Structures are given as structure tokens and as C-alpha cells.
Amino acid sequence: MILCLRISAAFILVLSLAGVGCSNDKAASAAGETSAPQSASQSANPSTSPAKAVEPAGPALHIDAARAMQYTKEIVAFGPRWDSSKPIEQVRAYIKGKLKGVQVEEDSFVAETSAGKMPMTNIVAKFPGSKDGIIVLGSHYETNYWLRNTPFVGANDGAATSALLLAIADQLRGKKLEGYSIWIAFLDGEESFTREWRTNDALWGSRHLAKKLQDDGASKKVKAFVLADMIGDADLDICRDENSTPWLEDLLLQAATHLGYQSHFFASTTAVEDDHIPFSHAGMPVLDVIDIDYGYNNSFHHTVQDTVDKLSVESLKISGDVILETIRLINGMGDNPPRAPQQKVPS
Ligand SMILES: [Zn+2]
């Protein structure tokens with residue numbers, strides 16, 4: 001994902017007075033800190049207005065966070081898993097091996113990246129529900145191609161969230177879900193192939209899947225695309241993302257509050273460019289559950305410091321359980337959660 005530096009409102013003021021913009025090589029804009037989440041009544045636009053408090057539907061589920069940590073360690077143990085490496089094939093086999101007995105679709109394609117043609121594969125596990133509609137959960141699993149000559153293993157960036165989705169799959173497996181179907185998408189090619197972020201040289205797997213859902217009409221059934229990124233950080237600090245759908249952001253905070261974890265949410269607001277963007281362009285409501293503040297001054301992000309010792313079982317538990325509770329709230333919203341306008345997904 002890409003982000004600008006998370007900076008305080010006061011710092012933005014200083015920058016603007018000095019005529020300095022957000023010139024980080026990573027593109028998104030920062031909106032500064034907010035001291036409190038927005039109230040549910042601030043917007044009148046039905047496609048963007050935050051949801052009112054809703055009752056959760058269906059049984060409460062909790063992940064086995066210790067197992068999620070174990071999965072994280074196992075993914076990391078394969079080594080750097082950049083596209084076209086041997087370990088990325090091993091990680092794909094590992095993910096599929098953990099999804100035995102589940103309906104799994106592998107979608108292989110070739111991305112025309114700045115580093116040449118790259119074979120990529122999205123892996124989508126499908127858990128049928130009893131309501132007509134789909135909630136898609138996503139995470140990327142590869143590590144950055146431009147870091148391929150380093151020991152960068154992306155413990156938090158790709159491994160922990162893929163592990164988290166596998167731990168969520170463990171809770172869904174073999175159950176007839178009371179609410180919407182849940183699809184779990186292990187996405188390839190999120191990272192930009194160049195050190196400097198280029199949107200058209202990144203988000204390969206998410207652009208591919210969003211376009212596929214749009215082309216085959218399934219996007220109309222998607223009630224929410226929920227992305228997990230960088231949320232194994234022991235110092236868990238999930239931001240409000242301005243590129244996510246406001247009513248989903250509000251549900252996320254409601255879910256966190258139900259579980260007593262709200263202190264880990266929304267101390268800051270930032271616009272993040274990540275795998276949720278193509279789904280948003282395709283008209284699907286989107287939510288990026290992301291902690292963009294990883295290590296002092298984000299110093300562990302995209303560095304060899306991104307290792308398992310920076311993560312915690314507790315953070316995986318909070319992240320996993322809040323996502324599962326958010327799903328219960330989406331199911332509690334009734335049949336027609338608000339939708340955003342649809343655009344063509346850039347390929
Ligand atoms: Zn990354």
C-alpha cells in the first residue's frame with residue numbers, strides 16, 4: 001500500500017504555510033489527526049453516509065490468534081516471496097493446503113509489469129451463506145519485487161494478514177453461514193514493482209479480481225470488500241482511511257467498540273491507496289483495515305525490520321475478531337447496504 005507520512009494537522013499547517021505539499025514517493029494524501037471519530041449523522045449522501053448503529057446478526061466468531069501467529073511464522077519461513085520467485089509458489093501451495101475441503105478458485109494471469117511479464121495468481125476461497133450477497137475479505141501475500149535482493153520477508157506486510165485470513169477461514173470452514181456468502185481473496189501483486197509507487201505498476205491482483213467481478217456481474221452482489229493490511233503490528237493503531245466507504249468505517253468502529261478494542265482505532269485519519277481502490281472504482285463498498293504506522297516513524301515498513309518479533313498475538317486477535325464482528329454488523333444492516341457509484345476499473 002501507499003501512504004503519505006502520517007502527520008498532524010499542525011504539521012500540515014506548517015507545511016502549507018511553507019508551500020510544501022505531500023511529496024512522499026508514496027502517493028496518498030494525509031488528512032491529519034482527528035481526535036474523535038465522526039458522528040453518524042454528519043453526511044446526508046446515502047452512498048457515502050455513515051451507518052446508524054446496527055445490531056449484529058448471526059453467532060459471534062473469534063479467531064484462534066495463536067494459530068494465526070503460527071501461520072504467519074510459517075509463511076515468513078519460506079523467505080522473501082516476490083513474484084516469479086520459488087518461495088511465492090511455495091506460499092501459494094501453502095495457502096491452498098490450509099484450505100482443504102473449501103471451494104477454492106485459482107485465477108492465474110500474466111501482469112505486464114515494469115519488470116516484464118509476471119505470472120500471478122489470485123486464490124479465492126468461497127464460503128456459502130444463506131443470504132443473497134457476498135462479503136469479500138482480501139489481503140495480498142507477495143513481497144516487493146524491488147526488495148528481492150534483500151532478506152525482506154514482509155512479516156506484517158503480507159504474511160500476517162494472509163495468516164489472519166487463513167485463521168478466519170478456519171472459523172468459517174464447514175459452517176452454513178447465516179448471513180452473506182464470504183469469499184476470502186489472497187491477492188497477488190499488490191506492491192509496486194518500482195521503489196517509487198506507480199499505481200499502474202501495482203495493485204495487479206486486486207485490479208484483476210475487481211475487473212473480473214465487474215465483468216461477470218458478481219460485483220453487484222458484493223456488499224463489502226474488506227481489506228486487511230499491516231494489522232499484526234504489536235503497537236496496533238488502525239487509522240480511518242479516507243478512501244474507504246464511510247458507513248463501513250463506522251461499522252468497523254462499532255465492531256471494535258462492541259469488543260472493547262476501540263482504543264486501537266481511528267486516532268488518525270489518512271487516505272490510503274491499497275488493494276481496495278479497484279473494488280471501489282467498480283462500485284463496491286470498501287473498507288481498508290490498516291495500520292500505517294509501523295515502528296517509530298513507520299521505520300519498519302518496506303525494510304528488513306519487518307519481522308515476526310514486531311507482531312503480537314493480541315494484535316492478530318483484535319484485528320481478526322473486529323473483522324468478524326464487522327461482518328456480523330454488515331449482515332445486520334438488512335438487504336441493501338448503500339452503494340457507491342460504479343466506474344470502469346482501470347486495467
Ligand atoms: Zn507493502
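Two residues are in contact if their C-beta atoms, placed from the backbone, lie within 7 Å. This is a predicted model, in which local features need pLDDT of at least 70 and side-chain atom pairs count only at pLDDT 80 or more, while totals for chains, interfaces and linings use all residues. Residues are numbered from 1 along each chain as its sequence is written.

**View 1. The whole chain comes to 8 helices and 9 strands.** Helices (H or I, at least four residues) and strands (E, at least two) are DSSP runs, numbered from the N terminus. Of the 347 residues, 52% count as buried. A residue is buried if 20 or more other C-beta atoms lie within 10 Å of its own, exposed if 12 or fewer, and partly exposed in between, with C-beta atoms placed from the backbone. Look at the contacts between residues at least 6 apart in sequence: 81% of them join residues at least 24 apart.

**View 2. Pro128 sits in the loop between strand E3 (116-127) and strand E4 (129-140).** Setting aside residues up to four places away in sequence, Pro128 touches Leu177 and Ser181. Pro128 and Ile182 are 54 residues apart in sequence, yet their C-alpha atoms are 6.5 Å apart in space. Pro128 is partly exposed, because 14 other C-beta atoms lie within 10 Å.

**View 3. An open sheet of 6 strands runs in the order E2-E3-E5-E4-E6-E9.** The pairing in this sheet is mixed; two strands pair if DSSP finds at least two bridges between them. Strand E2 (103-113) and E9 stand at the edges with a single partner strand each, so one side of each has no neighbour in the sheet. On average, neighbouring strands of this sheet are turned by 20 degrees against each other, direction ignored. For angles, axes are lines fitted to C-alpha atoms, for helices over the stretch in contact, and values run from 0 to 180 degrees between N-to-C directions.

**View 4. E2 and E3 form a hairpin with 2 residues between them.** The two strands run antiparallel and are joined by 11 bridges. Two of these pairings are easy to find: Val104 has Ala125 in E3 as its bridge partner, and Ala111 has Met118 in E3. Helix H3 (residues 86-97) lies across E2, E3 and strand E5 (177-187), running at about 10 degrees to E3.

**View 5. Helix H6 (residues 246-258) is largely enclosed by the rest of the structure, because 11 of its 13 residues are buried.** Among the buried residues of H6 are Trp247, Glu249, Asp250 and Leu252. The cover over its buried residues includes strand E6 (222-229), strand E7 (238-241), strand E8 (265-270), strand E9 (286-290) and helix H8 (313-331). H6 lies across E6 and E9, at about 45 degrees to E9. From its first C-alpha to its last, H6 reaches 18 Å, close to the 18 Å expected at 1.5 Å a residue; the expected span is 1.5 Å times one less than the number of residues. Just after H6 comes Gly260, with a positive phi of about 80 degrees.

**View 6. The largest nonpolar core has 91 residues.** A nonpolar core is a set of buried Ala, Val, Leu, Ile, Met, Phe, Trp, Tyr and Cys residues joined through C-beta atoms within 7 Å. Ile135, Leu137, Ile168, Leu252 and Val289 have the most contacts inside this core. Helix H4 (residues 155-172) gives the largest share of the core, 11 residues. Apart from this core lies another, of 7 residues, among them Ala111, Met120, Leu203 and Trp204. To follow one residue of the largest core, take Val289: leaving aside neighbours within four places in sequence, its contacts include Val226, Ile238, Leu252 and Ile323.

**View 7. Met230 and Asn297 each lie in a loop, Met230 between E6 and E7 and Asn297 between E9 and H8.** Most residues other than glycine have a negative phi. Met230 is not a glycine but has a positive phi of about 65 degrees, and Asn297, also not a glycine, has a positive phi of about 60 degrees. Is each of them buried or exposed? Met230 is buried, because 31 other C-beta atoms lie within 10 Å. Asn297 counts as exposed, because it has 10 C-beta neighbours inside 10 Å.
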